[in-house]
Structure formats: C-alpha cells, structure tokens
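Biologist: Could you give me a close look at a single part of this model, and then follow the chain on from there? I'd like one connected account.

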Amino acid sequence: MTVMTATLDAAGRSPVTQDGAILTIAVSSPSAGNPLDDTALREATAALNEISRGEREVGAILLIGPGANFCAGGNVRAFADASDRPAYLREVADNFHAFVLALAGADRPVVAAVKGWAAGAGMSIVLHADIAIGGTSTALRPAYGGIGLTPDGGMSWTLPRAVGAARAREIILTNRVIRAEEALSIGILSRVVDDDAIVTEAEAVAQTLASGSRAALSAARHLLTASATTSLPEHLLAEARSISERSGEPEGIEGVDAFIAKRSPDFVAARDN
C-alpha cells in the first residue's frame, strides 16, 4: 500500500491511501462520533485532482469511515465554537464542495462502504457514490434540519434524482432516519450485507471496477448522468456514438477479441500498449 499523504490520525493512519489501482479515502475522523474530517477532504481533493489531470493512475475510488460510523456529519462542536459562525460554515461548505466536485471530476467509479451512521454530510457523500454498500445496522439521516441548518454537499440535488422529488422533500424536511432495508429499496444503497462484511464487500467491488475497462466505465457513467436531462432521441444518439467510439479503442478491441477467443480480457495490457 502506498501512503499518499503525511498527515496521520491518532492511530498513525493516513486518510488518503492508494493500493494498486484503488484510491481509498477516509472521509470522517476516527474521533468520537466520526465527524466529517476537513483535513482529510483537503488531501483527498488534491489526490482526486491529480487523477483528473492525468497525474495519478487510479481505477476506482473507495470511500470509508475509519471509526464505527461512515460519517456522522459535520463537527457541530466546532460550529458552536467558531467566533464567526457564518464565515466558518461557509469555509467548511466550500471545502466540502471542492471535494465533491473533485470526486466528480476524477471520473472514476466510486464505491462507499457505509458502516453505521451516514448522517448530514455523510449522507451527502453516500449519494455521490456509484455503488454504496451498507450493512444491516446502517442508518442514514439528513440531520441538517435538526440543528436548524440546510443541506450541503449536494444533498438537495442528488437525493431527488435518487429517490424522486416527493420522497426527497419528505426525507429532508422531516429529517427522518432511513434504515438499511428502506435505503436499499428506494435506491440510496446498492447492496446490504452483514455488518462485518461491509468493507470487504466494498473493497471487492472496487477491485472489480478497477480491473475493468476504464474507458467503458467512464463513458457509461457519463451516459447515466446525462440521462436525467436528455430526451430519448438525444440519448439514443449519445449511446450510439459512445458504443461506436469504444469499439475502436484499445480496451474495446481487447474486450471483443477476448470474448471471441473465450478468454478473460486483459484491459491493463490493452491500456499499456
């Protein structure tokens, strides 16, 4: 494993590491309550921007919480202690949003290992994952309204797209808890496994994605994102253009040829040639 930053937590762990083609980001602090870790997000943003600039080779991004919870939201005690709360909260939100934009800009599949609570900012982060793995004890909650604040991290943009406008309004405005099975049924979580298997399952998914065709996965993600705002005729044209372009790229050629030869495709070798 390659540690990509010198900032360590109390246990000597780095919040941003890369092991092979998987970049792992610990989004929360291992301290009590597992709040959002602003320092980790800054370091993660820098690493994600390296991916988007082509300075770092990564096949998948894995988001984890190093404590009992994925992320229980912002550090409310720090909010209360700030001498100028509006200025402090704006800085926190801007830092968080830089991370969200960098995560999108990295253009790699994102997997979240959602242990325990994902509340407030933690729930916002889960909604940016392509695949979110939860456990039977996983719970999510908007949390913002409970302390008289409004969502950040894109929750009011992503949640309606995930669960529909009416359900998103009900969830955010009533600030209710969403348990694992409901989160799975309404499309916030992708899978629910035993609690002790969450990280292992998420790592396996990330490894599968990292070993796949990066060009195809990137293009598929673009198509899925665009589908919310394009008409069917426009989207069919985009799909036709995309599959045609992929067929002439090294990974597309390797995938088709491997299928005909009845062997597993070697996308890594195809990219390197």
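Modeller: Happy to! One definition to begin with: two strands pair if DSSP finds at least two bridges between them. Please keep in mind that this is a predicted model.

Let's look closely at strand β3, which spans residues 22-26. The strand is mostly covered, with five of its five residues buried. In general, side chains in a regular strand alternate between the two faces of the sheet. Here neither face is left open: I22, T24 and A26 are buried on one side, and L23 and I25 are buried on the other.

Now for the strands beside it. Strand β2, residues 16-19, pairs with β3 in the antiparallel sense, over four bridges. Within that pairing, V16 stands opposite I25 of β3. The hairpin that β2 and β3 form has two residues between the strands, and G20 there takes a positive phi near 65°. With strand β4, residues 60-64, the sense changes: β3 and β4 run parallel and are joined by five bridges. I22 has A60 as its bridge partner in β4.

Following the chain on, β3, helix α1 (residues 38-52) and β4 make up a β-α-β unit, and the unit is right-handed.

That brings us to α1 and what it packs against. Two packed helices are described by the angle between their axes and the distance between the axes. For α1 and helix α3 (residues 85-105), the axes come within 8 Å and cross at roughly 30°. Angles under 35 degrees count as roughly parallel, and α1 and α3 are therefore roughly parallel to each other. The crossing in which α1 passes α3 is left-handed. On the α1 side, the residues making the contact include L41, R42, T45 and L48, while those of α3 include E91, V92, N95, F96 and F99.

R42 makes a nice residue to finish on, since it lies in helix α1. Setting aside neighbours within four places in sequence, R42 is in contact with E91 and N95. F96 is 54 residues away from R42 in sequence, yet their C-alpha atoms are 8.3 Å apart in space. The relative accessible area of R42 is 43%, so this residue is partly exposed, a label for values between under 20% (buried) and over 50% (exposed). By contrast, I22 and the other residues of β3 where we began are buried.

Technical notes
Residues are numbered from 1 along each chain as its sequence is written. This is a predicted model: local features need pLDDT of at least 70, side-chain atom pairs count only at pLDDT 80 or more; totals for chains, interfaces and linings use all residues. Side-chain values use heavy atoms; hydrogens and water are left out. Buried means under 20% relative accessible area, exposed over 50%, partly exposed in between (1.4 Å probe, protein chains only). A crossover is right-handed if, with the strands pointing away from the viewer, the path from the first strand over the helix to the second runs clockwise. Contact means heavy atoms within 4.5 Å. Axes are lines fitted to C-alpha atoms, for helices over the stretch in contact, and angles run from 0 to 180 degrees between N-to-C directions. Angles under 35 degrees count as roughly parallel, over 145 as roughly antiparallel, 65 to 115 as roughly perpendicular and the rest as oblique. A crossing is left-handed if the near helix is turned anticlockwise from the far one by less than a right angle, and right-handed if clockwise.
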